[in-house]
Amino acid sequence: MIATLSGKVQFIHPDRAVIDVGGVGYEVFLSADGISRLPERGGEAFLHIHTHVREDAFILFGFPEEDEKELFLILKTVSGIGPRLALAILSGMRVPDLCQAIGENDVKRLTTLQGVGKRTAERLCVELKDKVSHLGGAVVAKGAAPVSTVSGSTVMDAISALYNLGYADPVAREALTVVKRRLGDEAFAALSVSEMIREGLKALA
């Protein structure tokens, strides 16, 4: 099984990227936050990998941080949550926020996540409360969030705003990916939500 990948970013799509490792391109699916934290095309990326094997497919899921991978694996232990839904959940809420919502039995907040209904939210709280406490605590103990993490949160707010303006989720994500490539990592991370929305609308024009 593949545990990690380290190589150059060859292509970036709204929900996945292709990482070139020694001339071989690996297609890796990532959360929205994971996509936003990738370097520009040609940059070096390191990802923790979960390899999902089916009879008809060999799928790689990538995570910039080990905590996100661990939470992904924990989410998959809940009945009815497969790898795709687990990744969608991580796209809707960052690790510390998700752990907090589960720890506080915040069913209402969890049902705002894509694909999560009331019953699934209740199962998350009941089955995972004790399993994720160390993840949430570990993140909080680190203090201030790194710029890349703050950027990921800003990206999610901008995507939500673009969605409310009538743009489908994948379209909004692709627009912001284009903006990030054009501005570069540092300039993109420094954008406020309103600036990111404005730049996204320019990319969509």
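**Exercise 1. Work out how helix 2 is covered and what it packs against.**

Solution. Start with the count: 7 of the 10 residues of helix 2 are buried, so mostly covered is a fair label. Buried here means under 20% relative accessible area, exposed means over 50%, and partly exposed is in between, with a 1.4 Å probe and protein chains only. Helices (H or I, at least four residues) and strands (E, at least two) are DSSP runs, numbered from the N terminus. Keep in mind that this is a predicted model: local features need pLDDT of at least 70, side-chain atom pairs count only at pLDDT 80 or more, and totals for chains, interfaces and linings use all residues. Residues are numbered from 1 along each chain as its sequence is written, and side-chain values use heavy atoms, with hydrogens and water left out.

Next, list the buried residues of helix 2: Asp-67, Glu-68, Lys-69, Leu-71, Phe-72, Ile-74 and Leu-75. Then look for the neighbours: helix 2 lies across strand 4 and strand 5, and runs at about 15° to strand 4. Helix 3 packs on the sheet too, touching strand 3 (24–29), strand 4 and strand 5, with its direction at about 20° to that of strand 5. Contact means heavy atoms within 4.5 Å; axes are lines fitted to C-alpha atoms, for helices over the stretch in contact, and angles run from 0 to 180 degrees between N-to-C directions.

**Exercise 2. Trace the partners of strand 4 and place it in the barrel.**

Solution. Go for strand 5 first: 6 bridges join it to strand 4 (residues 44–53), and the two run antiparallel. Strands count as paired if DSSP finds at least two bridges between them. A hairpin of 4 residues links strand 4 to strand 5. For residue pairs, Val-53 stands opposite Phe-58, and His-50 has Phe-61 as its bridge partner.

On to strand 1 (residues 4–12), which pairs with strand 4 in the antiparallel sense over 5 bridges; here Lys-8 is partnered by Glu-44. Now zoom out: 5 strands close into a barrel in the order 1-2-3-5-4, with mixed pairing. From one strand to the next, the twist averages 55°. As for burial, 7 of the 10 residues of strand 4 are buried, so the rest of the structure largely encloses it.

**Exercise 3. Find the largest nonpolar core and say where it lies.**

Solution. A nonpolar core is a set of buried Ala, Val, Leu, Ile, Met, Phe, Trp, Tyr and Cys residues joined through side-chain atoms within 4.5 Å. The largest one has 31 residues, and Leu-71, Leu-75, Leu-98 and Leu-110 have the most contacts inside it. Two or more residues come from each of strand 5 (58–63), helix 2 (66–75), helix 3 (83–92), helix 4 (95–103) and helix 6 (118–141). Domain 1 (4–63) and domain 2 (66–129) both contribute, so the core lies between them; the bounds come from an automatic or database domain assignment. Leu-71 touches Leu-90, Val-95, Leu-98, Cys-99, Val-132 and Leu-135, leaving out residues up to four places away in sequence.

**Exercise 4. Decide whether Ile-197 is buried or exposed, and list what it touches.**

Solution. Ile-197 sits in helix 10 (residues 193–204). Its relative accessibility is 17%, so Ile-197 counts as buried. Leaving out residues up to four places away in sequence, Ile-197 touches Ala-158, Ala-161, Leu-162 and Leu-165.
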